[in-house]
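Here are my notes after going through the model. I've kept them as numbered points so you can follow along with the structure open.

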Amino acid sequence: MKLKWQHTLAQYLETRQCLRGMMLMMTGKAQVFPDETFSLVKLALADDDSKVRSIGVQLIRQLLPTQAAELHMHLLEMMKDKQEMPAIRNSILRLIALVPGDVLQTETALSDLILAEGDDPTVKQAALQSYVKLAPTEPAVATLISVLKGSDSNEVKRTTAVLLGKYGTRSKEAVDLLGGLMETDDEDLQEASAEALARIGSPAIDILVAKLDSKNRLAQQMAIFTLGVIGPSAREHVQRLEGFITEGDPDTSVIAKEAIFSILKPR
């Protein structure tokens, strides 16, 4: 059977169209024909046709671990290549943490990609997601803060804010930056920043209290709501929140009442 497949492979690789078709045939059968699949994937990753490269990347998940490990360096190069299609780079980024190889090398490559200027925002977002799976907490938080300071993309900042929130109080150095982002015109970014501050908890209270004086009504409402999410630690600011319960602003009044209830309710 293996000789038959090798002969077939030699015949079908004469044209790119046949290569693509052969790879699609292999999808779901990689474990039955591991050597043939591996040969196809190596050819595909070096092909000029982006559709062929894309299928090759998809097939990597079906390779044996030892086979995938052989492709580790090549995948890192494709991942960093700004001339490569963003969709293909994103596919690589989603699986790179699962490919056997030098973890520190992968972490460094991801960090370099994240901090590089002028790259596709979707690529940076995918890189951020993979980076935090590999990097130790301290350098990861520092890198995320650098991205939050330097990125021009609201989408990248939003992803970064969400990831910082997952570190909880260990992201306390980011509270001022996150508080500043609550003043932006991008509501999704405002919300992500407020959620991150809620996860950080007590260290975020001072910046949230400061936002109660914001001229941005949404930022002000988010600050009230987030203090409620943080809960009892914000108890000393209940009187200040009571000042937002007015007949003239029913929406803010409701948010303030709910926040006060959350802060004072028995635990």
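1. How many residues does helix α11 have, and how far does α11 reach from its first C-alpha to its last? Helix α11 covers residues 154-165, which gives it 12 residues, and it reaches 16 Å. That is close to the 16 Å expected at 1.5 Å a residue. Bear in mind here and below that this is a predicted model.

2. Staying with α11, its buried residues are Val156, Lys157, Thr159, Thr160, Ala161, Leu163, Leu164 and Gly165. A lysine is on that list, in case you were about to skip past Lys157. The cover over these buried residues includes α9 (121-134), α10 (137-150), α12 (175-181) and α13 (187-200).

3. Now the whole protein. There are 17 helices and 0 strands. The protein has 267 residues, and 49% of them count as buried. If you take the contacts with a separation of 6 or more, 63% are between residues 24 or more positions apart.

4. Helix α8 (residues 103-115) can be checked in the way α11 was. With 13 residues at 1.5 Å a residue, α8 should span 18 Å, and its end C-alpha atoms are 18 Å apart, so the two agree. Its buried residues are Thr106, Glu107, Ala109, Leu110, Ser111, Leu113 and Ile114. Among the elements covering them are α6 (72-80), α7, α9 and α10. Note that α9 and α10 also help to cover the buried residues of α11.

5. Next, the pair α7 and α9. Their axes come within 9 Å and cross at roughly 5 degrees, so these two helices are roughly parallel to each other. On the α7 side the contact is made by Pro86, Arg89, Asn90, Leu93 and Arg94, and on the α9 side by Thr122, Val123, Ala126, Ala127 and Ser130. By class, that contact has 5 nonpolar, 3 polar and 2 charged residues.

6. One residue from that contact deserves its own point. Asparagine 90 is found in helix α7 (residues 86-95). Is asparagine 90 buried or exposed? It counts as buried, because its relative accessibility is 10% and the cut-off for buried is under 20%. Setting aside its neighbours within four places in sequence, asparagine 90 is in contact with Thr122, Val123 and Ala126. Those three residues also turn up on the α9 side of the α7 contact.

7. Helices α3 and α4 are another pair to look at. The axes of α3 (residues 34-45) and α4 come within 8 Å and cross at roughly 140 degrees. That makes α3 oblique to α4. The crossing is left-handed. From α3 come Val41, Ala44 and Leu45, and from α4 come Val52, Arg53, Gly56, Val57, Leu59 and Ile60. The residues of this contact divide into 7 nonpolar, 1 polar and 1 charged.

8. Just past α4, have a look at glutamine 62. Where does glutamine 62 sit? Its place is in the loop between α4 (50-60) and α5 (65-70). At 26% relative accessibility, glutamine 62 counts as partly exposed. Glutamine 62 and threonine 37 are 25 residues apart in sequence, while their C-alpha atoms are 8.8 Å apart in space.

9. Towards the end of the chain, helix α15 (residues 217-230) packs with helix α17 (residues 250-264) at an angle of about 20 degrees, and their axes are 7 Å apart. The two are therefore roughly parallel to each other, and their crossing is left-handed. Arg217, Gln221, Ile224, Phe225, Leu227 and Gly228 in α15 meet Asp251, Thr252, Ile255, Ala256, Ala259, Ser262 and Ile263 in α17. By class, the contact has 7 nonpolar, 4 polar and 2 charged residues.

10. Last, leucine 264, which also belongs to helix α17. At 39% relative accessibility, leucine 264 counts as partly exposed. What does leucine 264 touch, not counting residues up to four places away in sequence? The answer is Arg235 and Val238. Arginine 235 is 29 residues away along the chain, and its C-alpha atom is separated from that of leucine 264 by 7.0 Å.

How values were computed: Residues numbered from 1 in each chain as written. Predicted model: local features only at pLDDT ≥ 70, side-chain atom pairs only at ≥ 80, totals over all residues. Heavy atoms only, no water. Helix = DSSP H or I, 4+ residues; strand = E, 2+ residues; numbered from the N terminus. Expected span 1.5 Å × (residues − 1). Buried < 20%, exposed > 50% of the residue type's maximum accessible area, 1.4 Å probe, protein only. Contact = heavy atoms within 4.5 Å. Axes fitted to C-alpha atoms, helices over the stretch in contact; angles between N-to-C directions. Parallel < 35°, antiparallel > 145°, perpendicular 65-115°, else oblique. Left-handed = near helix turned anticlockwise from the far one by under 90°. Nonpolar A, V, L, I, M, F, W, Y, C, P; charged D, E, K, R; others polar.
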